[in-house]
Amino acid sequence: MRIMTGPQAASGSPTRRILPVVLFNLLCYIDIGLPMAVIPVFVHQVLGYNTVLAGLAVSVQYLATFASRAGAGRLADRRGAKPTVVVGLAVCTLSGAALMLSGLLLHFAALSVVLLIASRILLGIGESWTATGAIMWNIGRVGAARTAQVISWNGVTSYGGIALGAPIGQILSGLPLPYGGLTVVGLLSAGLTLFGFVLARQYAPVPPVPSKAPPMPFHAVFRRVLPHGMVLACGSVGFGTISACLALFYAHNNWSGAATALTGFGLTFVMMRFLFARQIDRRGGLVVTFVSLLVETLGLCVLWQCSSVTGAALGAALTGAGFSLVFPAMGVLAVARVGPENRGAALGAFSVFLDIAVGLSGPLLGLVIQTMGYGALFLVSALFTLAGVGVTIMLKFLPR
């Protein structure tokens, strides 16, 4: 029996209509959070590879997400959001299985790291399909006028999932080997999204927006969202720094609590979405983005100058608070530049900028660590977010 989740069955507030579908995004991002504080240390300290490869092992997920965004958006536009979500959850399940095998084979370092990278690639593909599909599914349920609310809820579950998954993953990684560590993290990852896959198949779909005109080519959509995507890319470098390098920074200083700092990042991110997401409609995306990027820059500067666990946790929390509203604030403006029949492609093209920024920031910032040290890592990231402030100011003069 199918669970009716289309507009004809949904009742109550828009939030109540959004929550059943956004659950799938939450499961996906718990999977992303579970190994986040574990993988860099596993690659660098357990397998013995350098910090560049440790950063790449995290960031390759976002490169895979980048490569699959266009396909995810087009599938959601043409065949509907449900198939996109279902496929994404299935791929995330395969990712968890590969992660589990990587942990089991840790004594074979080369094979273990290959399986780990394969797991990250699969997770990146699964993320793009699940996240894009969930947004499109909920826009179909509550209407395009509530796009900002839909994107905000997707972000709440995204970074809330990371905040929930990171400390759990670090606790599980401390279990005795070989069946602890990444093995049990991978097993839990596979189980969560397998549950989501089974549940999503029971939900009734929302049909795609019909269109007599041919779909806009992806490169044309990409050009439409390019200015706003550049801002997102600048802001995403801070997130890439936290996700790929914060655990290494803590390990370098012999500090404990990297997962707690990641949780702080996620919690402040979620709180900002809850408290201030409506400011996007009230004050406009450009104003919200301008203030957000200034706060993110402040957080990275605190990390640059900090010398204690408390300072690092504060810097990570400020970075999360600043980054929180950049995606929905810019995303609403970007999606408005194309028609409703190309909404999925626009979301995919816009999200590509986050994928590129986070995907490249891991290995490049790992190189910064090797050549200039950990202090320069956060200063370089702050300069990128400050550049985003400048681009946001320029967007005020962009023709509508």
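I started with helix α5, residues 109-142 (helices are DSSP runs of H or I, at least four residues, numbered from the N terminus). Its 34 residues should span 50 Å at 1.5 Å a residue, and the end C-alpha atoms are 49 Å apart, which agrees; the expected span is 1.5 Å times one less than the number of residues.

A note on what I am reading: this is a predicted model, where local features need pLDDT of at least 70, side-chain atom pairs count only at pLDDT 80 or more, and totals for chains, interfaces and linings use all residues. I number residues from 1 along each chain as its sequence is written, and side-chain values use heavy atoms, with hydrogens and water left out.

Back to α5: I found 24 of its 34 residues buried, so the helix is largely enclosed by the rest of the structure. Buried means under 20% relative accessible area, exposed over 50%, and partly exposed in between (1.4 Å probe, protein chains only). Just after α5, G143 takes a positive phi of about 100°.

Next, I looked up the interior. The largest nonpolar core has 111 residues, and L246 and F249 have the most contacts inside it. Such a core is a set of buried Ala, Val, Leu, Ile, Met, Phe, Trp, Tyr and Cys residues joined through side-chain atoms within 4.5 Å. Helix α8 (residues 218-252) gives this core its largest share, 16 residues.

I then checked F249, leaving aside neighbours within four places in sequence: its contacts (heavy atoms within 4.5 Å) are W255, L303, C306, A312, Y374 and F378. Another core, of five residues, lies apart from the largest one; A277, I280, V288 and L325 are among them.

How values were computed
Helix = DSSP H or I, 4+ residues; strand = E, 2+ residues; numbered from the N terminus.
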